[in-house]
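Grab your viewer and a notepad. Here are some exercises to work through by eye, each with a solution you can check yourself against.

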Amino acid sequence: MKSYPAKIFYCYSHKDEELRDRLEVHLKMLERQNLIKSWHDRKIVSGKNWANEISKKLEDSDIVLLLLSSDFLASDYCYEIEMKKAIEMHKSNNI
């Protein structure tokens, strides 16, 4: 049985940050009900290794939201690292 809150990882291009912010507003009620806890790279604390933090949070997530756009697909990091890892996790039933 799944425990709550489910950990949500936002995978997106920084050029789509405004859209991610709007999506977070739509999901805020689920957060208030302690059903989800969301994370994105703008929550990385200064001084932390950003790549390690992203990798840890991605691997620890229950749900990965891929915010696909042309900017996302053009981003080597989003496409080659984050999305491929999320797909691997999905195929192994980890998310």
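What follows is a set of exercises on this predicted model, each with a worked solution.

**Exercise 1. Work out the strand order of the open sheet, and find which strands stand at the edges.**

Step 1: Lay out the strands. The open sheet has 3 of them, in the order β2-β1-β3, and the pairing is parallel.

Step 2: Look at the ends of that order. β2 (36-39) and β3 (63-66) each have a single partner strand, so one side of each has no neighbour in the sheet.

Step 3: Add the twist. Ignoring direction, neighbouring strands here are turned by 25° against each other on average.

Step 4: Zoom in on one pair. β1 and β2 run parallel and are joined by 4 bridges. Ala6 has Ile36 in β2 as its bridge partner, while Phe9 stands opposite Trp39 in β2.

**Exercise 2. Find which strands α1 and α2 touch, then decide how far β1 is enclosed.**

Step 1: Start with α1, residues 17-32. This helix packs on the sheet and touches β1, β2 and β3, and its direction makes about 155° with that of β2.

Step 2: Move on to α2. This helix packs on the sheet too, touching β1, β2 and β3, with its direction at about 135° to that of β1.

Step 3: Now check burial in β1. 5 of its 6 residues are buried, so β1 is largely enclosed by the rest of the structure.

**Exercise 3. Classify the packing of α2 against α4: what are the angle, the axis distance and the handedness?**

Step 1: Take the geometry. α2 and α4 pack at an angle of about 25°, and their axes are 10 Å apart.

Step 2: Apply the cut-off. Angles under 35 degrees count as roughly parallel, so α2 is roughly parallel to α4.

Step 3: Get the handedness. The crossing of α2 past α4 is right-handed.

Step 4: List who makes the contact. α2 brings Trp50, Ala51, Ile54, Leu58 and Glu59, and α4 brings Tyr77, Glu82, Lys85 and Met89.

**Exercise 4. Map the largest nonpolar core: how many residues does it have, and which element gives the largest share?**

Step 1: Collect the members. There are 11 residues: Phe9, Cys11, Trp39, Ile54, Leu58, Val64, Phe72, Cys78, Met83, Ala86 and Met89.

Step 2: Sort them by element. β1 (6-11), α2 (50-60) and α4 (76-91) each supply at least two, and α4 has the largest share with 4 residues.

Step 3: Look for another cluster. A second, separate core has 6 residues, including Ile8, Tyr12, Leu27 and Ile36.

Step 4: Pick one core member and trace its surroundings. Beyond its neighbours within four places in sequence, Trp39 is in contact with Ile8, Phe9, Tyr10, Ile44, Glu53, Ile54 and Lys57.

For background, nonpolar side chains in soluble globular proteins tend to be buried together.

**Exercise 5. Is Tyr12 buried or exposed, and what is in contact with it?**

Step 1: Place the residue. Tyr12 is in the loop between β1 and α1.

Step 2: Use accessibility. Buried means under 20% relative accessible area; Tyr12 is at 4%, so it counts as buried.

Step 3: List its contacts. Leaving out neighbours within four places in sequence, they are Glu17, Arg20, His40, Asp41, Arg42, Leu67, Phe72, Cys78 and Glu82.

Step 4: Check a distance. Tyr12 and Ser70 are 58 residues apart in sequence, with 11 Å between their C-alpha atoms.

**Exercise 6. What is the phi of Asn34, and how do Asn34, Arg32 and Met29 rate for exposure?**

Step 1: Recall the background. Most residues other than glycine have a negative phi.

Step 2: Compare. Asn34 is not a glycine, yet its phi is positive, about 60°. This residue is found in the loop between α1 and β2, and at 44% relative accessibility it counts as partly exposed.

Step 3: Step back into α1, where Arg32 lies. With a relative accessible area of 61%, Arg32 is exposed. Arg32 and Asn94 are 62 residues apart in sequence and 25 Å apart C-alpha to C-alpha.

Step 4: Finish with Met29, also in helix α1. Met29 has 47% relative accessibility and counts as partly exposed. Between the C-alpha atoms of Met29 and Arg42, 13 residues apart along the chain, there are 21 Å.

Terms used. Residues are numbered from 1 along each chain as its sequence is written. This is a predicted model: local features need pLDDT of at least 70, side-chain atom pairs count only at pLDDT 80 or more; totals for chains, interfaces and linings use all residues. Side-chain values use heavy atoms; hydrogens and water are left out. A nonpolar core is a set of buried Ala, Val, Leu, Ile, Met, Phe, Trp, Tyr and Cys residues joined through side-chain atoms within 4.5 Å. Buried means under 20% relative accessible area, exposed over 50%, partly exposed in between (1.4 Å probe, protein chains only). Contact means heavy atoms within 4.5 Å. Two strands pair if DSSP finds at least two bridges between them. Axes are lines fitted to C-alpha atoms, for helices over the stretch in contact, and angles run from 0 to 180 degrees between N-to-C directions. Angles under 35 degrees count as roughly parallel, over 145 as roughly antiparallel, 65 to 115 as roughly perpendicular and the rest as oblique. A crossing is left-handed if the near helix is turned anticlockwise from the far one by less than a right angle, and right-handed if clockwise.
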